[in-house]
Amino acid sequence: MEQGKKLVTVLGATGSIGVSTLDVVARHPERFGVFALTAHRQVDKLLEQCLVHRPVYAVLDQADDAGRLAGQLREAGCATEVLAGPDALARVAGAPEVDLVMAAIVGAAGLVPALAAARAGKRILLANKEALVMSGALFMQEVAAHGATLLPIDSEHNAIFQALPAGFERGLQGSGVTRVLLTASGGPFRRKPVEELRDVTPEMACAHPNWVMGRKISVDSATMMNKGLEVIEAYWLFGAEAERIEVVIHPQSVIHSMVSYADGSVIAQLGNPDMRTPIAHAMAYPDRVDAGVRPLDLFEIARLDFERPDFERFPCLAHAYRALREGGVAPAVLNASNEVAVASFLDGRLRFDRIAGVIARTLDAVPAAPADSLEAVFEADRQARELAEGFVSGFAS
């Protein structure tokens with residue numbers, strides 16, 4: 001690796017965020033190099049990425065997949081070393097050579113390597129919601145204790161970060177900030193009659209009107225659970241109480257979020273819906289670099305619309321606010337039950353309109369407890385998944 005480059009580990013390299021991150025890296029070879037790329041099971045896609053970016057390490061979930069990739073890389077003359085398993089993820093996230101860690105593994109699996117990056121004092125580009133949703137207090141404690149830097153990649157939180165006052169630290173008290181306003185597209189069913197939601201198919205739910213995303217995140221957008229998880233993230237990132245976090249449906253997805261101030265000002269961050277903008281912002285911060293994103297043409301957009309969210313249409317959003325207010329392990333229970341319900345919907349075992357019901361029943365069933373250790377968080381996660389599977393089976397019978 002050349003001197004002066006910032007070395008990046010991309011956790012979840014084959015997903016949409018990982019691909020966009022590597023696009024930004026490729027646009028600035030003088031600034032960034034790739035230390036490690038990780039994937040779950042997409043061997044062929046990871047092979048292509050390794051041959052282009054030549055990382056020091058590649059990591060896969062399963063040992064047999066890792067063996068296959070290692071053989072293919074040897075045949076291609078690529079010296080990338082291939083590792084497997086969760087310990088390897090933590091290793092490449094916390095390696096001394098690494099400057100930036102893109103934490104983009106979807107779901108609870110991304111929590112441990114993100115914590116490893118925090119404990120190693122890295123600049124963490126956080127695209128994994130679950131690190132804060134499941135264990136926000138623990139994660140923020142590790143960030144503070146080890147001098148890590150946490151920069152949000154979700155377009156909404158990145159927009160808020162850009163719109164906050166200079167020198168802002170967590171907590172709205174004394175900052176002049178009165179509210180943070182998270183914008184939401186409303187997904188593909190913003191206008192669909194509620195009674196027709198029972199007939200929604202996975203293909204319909206994954207057809208997002210503005211963003212290109214993975215299947216799980218697309219379903220979360222359709223239910224607005226994605227926004228609910230972002231509400232919980234905003235609480236931990238910015239120290240904003242639930243009452244000061246407001247969700248605004250903005251179907252054009254041009255205003256990515258806003259910050260409201262005591263003097264009546266509202267500062268918004270605008271841009272075309274392309275994740276390379278927040279990725280490039282966080283990678284180069286405090287500098288600005290070309291992200292490959294088309295400039296925003298306000299004359300082409302012509303209008304910006306705003307609506308209040310309908311909690312009857314989007315009960316998952318209400319469940320997220322409930323979990324935030326209850327605190328403790330409730331957000332971890334929310335996340336786990338949602339993962340089970342969404343996977344069941346994508347597998348054809350659960351109707352779309354029953355996703356929220358599985359989540360509500362699981363929140364009711366798992367006992368309240370403090371989230372004061374990873375063991376407590378993972379035990380709540382385990383209980384929630386087991387109970388949610390039972391509720392899915394009950395709805396299906």
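How many disulfides does the count come to? It comes to 0 in this predicted model, and the close-ups below start with the cysteines behind that number.

**View 1. Cys-206 and Cys-316, two cysteines without a bond.** Look from Cys-206 for the closest cysteine sulfur and you land on Cys-316, 15 Å away, which is too far for a bond. Start from Cys-316 instead and the closest cysteine sulfur is in Cys-206, again at 15 Å. Since a disulfide needs the two sulfur atoms within 2.5 Å, the pair doesn't make the cut. Cys-316 also counts as buried, because its relative accessibility is just 2%.

**View 2. An open sheet with mixed pairing.** Here 4 strands line up in the order E9-E8-E10-E11. Strands E9 (245-249) and E11 (266-270) sit at the edges with a single partner strand each, so one side of each has no neighbour in the sheet. On average, and ignoring direction, neighbouring strands are turned by 20° against each other.

**View 3. Zooming in on E10 and E11.** Strand E10 (residues 255-261) pairs with E11 in the antiparallel sense, over 5 bridges. Ser-257 faces Gln-269 of E11 across this pairing.

**View 4. Helices on the sheet.** Helix H7 (residues 155-163) lies across E8 (177-184), E10 and E11, and runs at about 40° to E10. Helix H10 (residues 225-238) packs on the sheet too, touching E8 and E9, with its direction at about 155° to that of E8.

**View 5. The annotated stretch at residues 8-136.** An unreviewed UniProt entry places the feature "domain: 1-deoxy-D-xylulose 5-phosphate reductoisomerase N-terminal" here. The span is 47% helix and 21% strand, and its end C-alpha atoms lie 24 Å apart.

Terms used:
Residues are numbered from 1 along each chain as its sequence is written. This is a predicted model: local features need pLDDT of at least 70, side-chain atom pairs count only at pLDDT 80 or more; totals for chains, interfaces and linings use all residues. Side-chain values use heavy atoms; hydrogens and water are left out. Two strands pair if DSSP finds at least two bridges between them. Helices (H or I, at least four residues) and strands (E, at least two) are DSSP runs, numbered from the N terminus. Axes are lines fitted to C-alpha atoms, for helices over the stretch in contact, and angles run from 0 to 180 degrees between N-to-C directions. Contact means heavy atoms within 4.5 Å. UniProt positions are given in the numbering used here, feature names are shortened, and annotations may be inferred rather than shown by experiment. Buried means under 20% relative accessible area, exposed over 50%, partly exposed in between (1.4 Å probe, protein chains only).
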